Amino acid sequence: MDTLSYKTVTPSAKSVEQEWLLIDATDQHLGRLCSKVAKILRGKNKPSYSPNLEMGDNVIIINAEKCVLTGKKMTDREYLSYTGYPGGQRVATPEVLMKKSFNKHLKAGYNPLYIKVMKGMLPKNRLGRRLIENMHVYNGPNHPHEAQNPKVIDINKVK
């Protein structure tokens with residue numbers, strides 16, 4: 001048997017097929033939902049996963065305002081950000097970030113709470129910044145991505 005004939009197949013950026021997935025966030029716990037979405041964005045649910053490539057799918061989350069935080073996390077948890085200036089540390093609660101998501105001046109599909117949570121679960125490099133752009137979050141049941149024919153999945157059955 002010729003052992004040199006065995007080759008490790010590594011996927012290339014051209015061979016990656018990305019799908020569009022639709023997830024309903026109604027009555028889902030925010031952290032558990034986002035951890036499963038992070039796996040999908042990263043591509044860890046695919047057998048051809050490669051850590052250095054953008055292997056994941058595009059995810060559309062609808063009904064984002066209906067997500068749940070247990071206990072008093074909605075008012076007591078604090079997310080820190082820094083403006084870059086002296087004394088520029090800002091504190092925001094999930095309640096405040098959720099109210100910002102209804103701002104009409106924000107880009108469609110951008111939800112500050114979900115972005116803050118997901119950035120903590122993705123790599124802190126160029127790849128992570130590219131992956132976060134594949135997530136689109138909408139507060140209501142409507143979204144403008146009907147042309148992509150998103151596949152509806154039940155997030156409770158994703159491991």
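Start the tour at the second largest pocket, which has a volume of about 180 Å³. (On a 1 Å grid over the protein atoms alone, a pocket is an open set of points where a 1.4 Å probe fits, with protein on both sides within 12 Å along at least five of seven lines, and lining residues have an atom within 4 Å of a point; grid points are joined across faces, edges and corners, and the volume is the space filled by probe spheres set on them.) Before you click further: this is a predicted model, where local features need pLDDT of at least 70 and side-chain atom pairs count only at pLDDT 80 or more, while totals for chains, interfaces and linings use all residues. Residues are numbered from 1 along each chain as its sequence is written, and side-chain values use heavy atoms, with hydrogens and water left out.

**Stop 1: the second largest pocket**

Select Leu30, Gly31, Leu69, Lys73 and Arg77, the residues nearest the centre among the 13 that line this pocket. Now colour by element: α1 (30-42) and α4 each put at least two residues into the lining, and α1 gives the most, with three. (Helices are DSSP runs of H or I with at least four residues, strands are runs of E with at least two, and both are numbered from the N terminus.) By class, the lining holds six nonpolar, three polar and four charged residues. (Ala, Val, Leu, Ile, Met, Phe, Trp, Tyr, Cys and Pro count as nonpolar, Asp, Glu, Lys and Arg as charged, and the others, Gly among them, as polar.)

**Stop 2: the largest pocket**

Next, pick Ile115, Lys119, Arg129, Ile132 and Glu133, which lie nearest the centre of the largest pocket, out of 16 lining residues. The elements giving two or more residues to that lining are α4 (112-119), α5 (126-131) and β5 (135-137). The space here comes to about 290 Å³, and its lining splits into seven nonpolar, four polar and five charged residues.

**Stop 3: zoom out**

Show the whole chain as a cartoon and you should find five helices and six strands. From the N terminus on, they run β-α-β-α-β-β-α-α-α-β-β. The C-alpha atoms fill a box of roughly 65 × 40 × 30 Å along the principal axes. Of the 159 residues, 40% count as buried (buried means under 20% relative accessible area, exposed over 50%, partly exposed in between, with a 1.4 Å probe and protein chains only).

**Stop 4: the open sheet**

In what order do the strands of the open sheet stand? Reading across, you get β5-β2-β1-β6, four strands with parallel pairing. β5 and β6 (151-152) are at the edges with a single partner strand each, so one side of each has no neighbour in the sheet. In the pairing of β1 and β2, count five bridges (two strands pair if DSSP finds at least two bridges between them). Select Leu22 and look across to Ile60 in β2, which stands opposite.

**Stop 5: β5 and the core**

Staying on β5, click His136, which is buried at a relative accessible area of 16%. Leaving out residues up to four places away in sequence, His136 touches Trp20, Val59, Ile60, Ile61, Gly109 and His145 (contact means heavy atoms within 4.5 Å).

Now try Met135. With the same sequence cut-off, Met135 touches Val37, Leu41, Val59, Ile61, Gly109, Tyr114, Ile115 and Met118. Met135, Val37 and Tyr114 touch the most other members of the largest nonpolar core, which has 33 residues. (Such a core is a set of buried Ala, Val, Leu, Ile, Met, Phe, Trp, Tyr and Cys residues joined through side-chain atoms within 4.5 Å.) Its largest share, seven residues, comes from α1.

**Stop 6: the hairpin**

Move to β3 (residues 79-82) and β4 (residues 89-92), which pair in the antiparallel sense over four bridges. Tyr82 has Gln89 of β4 as its bridge partner. Six residues sit between the strands of this hairpin, where Gly84 takes a positive phi near 105°.

**Stop 7: two positive phi values**

Most residues other than glycine have a negative phi. Asp27, in the loop between β1 (20-24) and α1, has a positive phi near 60°. Asn63, in the loop between β2 (58-62) and α2 (73-76), also has a positive phi, about 55°. Which of these is buried or exposed? Asp27 is exposed, at 60% relative accessibility, whereas Asn63 is buried, at 7%.
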